[in-house]
Amino acid sequence: MKKRMSCVLVLAVVGLLAGAAFAQFAKTEDAIKYRQSVMFLVGQHFGRMGAMVKGEQPYNKEAFEKNAILVESLYRLPLEAFMTPGSDKGSHMKADALAQKDKFTQMHTTAATELAKLAAVAKSGDLNAIKTQFGEAGASCKACHDAYHSK
């Protein structure tokens, strides 16, 4: 019951965030907060899967699949917030992301595709296939971070 309520709560938040994603941001700061909030959630759920892949936590098919589906869904939300003019100011996003919009968008799309593949393979329960696809998804996320995220 707790798991179901948690899932319902997360999906409700995702639904609310999705509506906000399609709205124009009133302030640049709102776009920054929005995308940082979404990416925080992506990082939390990706980290939970990573712990299972690395053997730091026992593999749990149901939990892994749930996290993979959430990451896939969440990752699609913040693209507009990344592309909001001026949103590179006061954040860790490099100005190159706005200057190279097409390249940034392509990298985002590639990562979204790899995350969708991860969600699909998670349903199989094949841990070896999951580990391989987790690596591919992680590499696509890292490529974008290396290019457009300052530490």
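In the predicted model, Gln44 is partly exposed, with a relative accessible area of 37%. This residue belongs to helix α2. The C-alpha atom of Gln44 lies 9.2 Å from that of Asn67, although 23 residues separate the two along the chain. Asn67 itself is listed among the buried residues of α3, whereas Gln44 falls in the partly exposed class.

The protein as a whole contains seven helices and zero strands, so that the order of elements from the N terminus reads α-α-α-α-α-α-α under the DSSP assignment of runs. Of its 151 residues, 36% count as buried. The exposed surface amounts to about 8,600 Å², and 59% of this area is supplied by carbon and sulfur atoms. Among contacts with a separation of 6 or more, 69% are made by residues 24 or more positions apart.

Helix α3 was examined in further detail. It comprises 15 residues and reaches 21 Å from its first C-alpha to its last, close to the 21 Å expected at 1.5 Å a residue. The N-terminal end of α3 is capped by Asn60, a side-chain oxygen of which lies 3.1 Å from the backbone nitrogen of Glu62. The buried residues of this helix are Phe64, Glu65, Asn67, Ala68, Leu70, Val71, Leu74 and Tyr75.

In soluble globular proteins, nonpolar side chains tend to be buried together. The largest nonpolar core of the present model has 27 residues, and those with the most contacts inside it are Phe46, Met49, Phe64, Leu118 and Phe134. Two or more residues each are contributed by α2 (28-53), α3 (61-75), α6 (101-122) and α7 (127-148). Of these elements, α2 provides the largest share, eight residues. Phe64, a buried residue of α3, is in contact with Met49, Met52, Val53, Tyr59, Leu118, Ala122, Ile130 and Phe134 when neighbours within four places in sequence are left aside. Another core, of eight residues, lies apart from the largest one and includes Met93, Ala97, Cys144 and Tyr148.

A buried histidine occurs in helix α6. His108 is located in this helix and counts as buried because its relative accessibility is 5%, under the 20% limit. Beyond its neighbours within four places in sequence, His108 is in contact with Tyr75, Arg76 and Leu79. Of these partners, Tyr75 is one of the buried residues of α3.

The cysteines were considered next. A disulfide is a covalent bond between the sulfur atoms of two cysteines. A search of the whole structure finds zero disulfides. For Cys141, the closest cysteine sulfur is that of Cys144, at 8.1 Å, and this separation is too far for a bond because a disulfide requires sulfur atoms within 2.5 Å. Cys144 is likewise in no disulfide, its nearest cysteine sulfur being that of Cys141. Cys141 is buried, with a relative accessible area of 16%, and Cys144 also counts as buried, at 8% relative accessibility. Cys144 is in addition a member of the core of eight residues described above.

How values were computed: Residues are numbered from 1 along each chain as its sequence is written. This is a predicted model: local features need pLDDT of at least 70, side-chain atom pairs count only at pLDDT 80 or more; totals for chains, interfaces and linings use all residues. Side-chain values use heavy atoms; hydrogens and water are left out. A nonpolar core is a set of buried Ala, Val, Leu, Ile, Met, Phe, Trp, Tyr and Cys residues joined through side-chain atoms within 4.5 Å. Buried means under 20% relative accessible area, exposed over 50%, partly exposed in between (1.4 Å probe, protein chains only). Helices (H or I, at least four residues) and strands (E, at least two) are DSSP runs, numbered from the N terminus. Contact means heavy atoms within 4.5 Å. Accessible areas come from the Shrake-Rupley method with a 1.4 Å probe; for residues, only the protein chains shown count as cover. The expected span of a helix is 1.5 Å times one less than its number of residues. A polar contact is a pair of N or O atoms within 3.5 Å; within protein, one must be able to donate a hydrogen and the other to accept it, and residues adjacent in sequence count only if both atoms are side-chain atoms.
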